[in-house]
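Biologist: Could you walk me through this one? I would like to hear the reasoning behind each label.

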Amino acid sequence: MKKLAGAMWKCDCGHIEYGKYPPEECSKCWKINGFIEVPEEVAEEIKDNILNYKENGDEEENFDTDTFLDMDK
């Protein structure tokens, strides 16, 4: 699998971004400081699920990360 630069960050709305530092603002819901870092083990699982989702012809924007990651638990 292609290694992405930086950590995986998940907003409260479910939007995912990658980078060394968390984004200040979500481009989907516009929340300020709403990102938390996803643990590396869970991030790998999400990446695998996104790849499987894309292989079926679906778009990543429609991917529901909350199905595979519930950070509130």
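Modeller: Gladly! The protein chain exposes about 5200 Å², and 47% of that comes from carbon and sulfur atoms. Please keep in mind that this is a predicted model.

Biologist: Thanks! What is the order of the elements from the N terminus on?

Modeller: The order is β-β-β-α-α, with 3 strands and 2 helices in the protein chain.

Biologist: Why is Trp30 called exposed?

Modeller: Its relative accessible area is 57%, and exposed means over 50%, so Trp30 earns the label. Trp30 sits in the loop between strand 2 (16-19) and strand 3 (35-37).

Biologist: And why does Asn33 count as exposed?

Modeller: Asn33 has 59% relative accessibility. The cut-off is over 50%, so Asn33 is exposed. Asn33 also lies in the loop between strand 2 and strand 3.

Biologist: What makes the phi of Trp30 worth a remark?

Modeller: Most residues other than glycine have a negative phi. Trp30 is not glycine, yet its phi is positive, near 70°. Asn33 has a positive phi too, near 55°.

Biologist: What makes Met8, Ile16, Val38, Ala43, Ile46 and Ile50 a nonpolar core?

Modeller: A nonpolar core needs buried residues of types such as Ala, Val, Ile and Met, joined through side-chain atoms within 4.5 Å. Those 6 residues form the largest such core. Helix 1 (residues 40-55) gives the largest share of this core, 3 residues. Another core, of 5 residues, lies apart from it and includes Ala7, Trp9, Cys11 and Phe35.

Biologist: How much of the protein chain counts as buried?

Modeller: Buried means under 20% relative accessible area, and 29% of the 73 residues count as buried.

Conventions. Residues numbered from 1 in each chain as written. Predicted model: local features only at pLDDT ≥ 70, side-chain atom pairs only at ≥ 80, totals over all residues. Heavy atoms only, no water. Buried < 20%, exposed > 50% of the residue type's maximum accessible area, 1.4 Å probe, protein only. Helix = DSSP H or I, 4+ residues; strand = E, 2+ residues; numbered from the N terminus. Areas by Shrake-Rupley, 256 points an atom, 1.4 Å probe, with all protein chains shown as cover.
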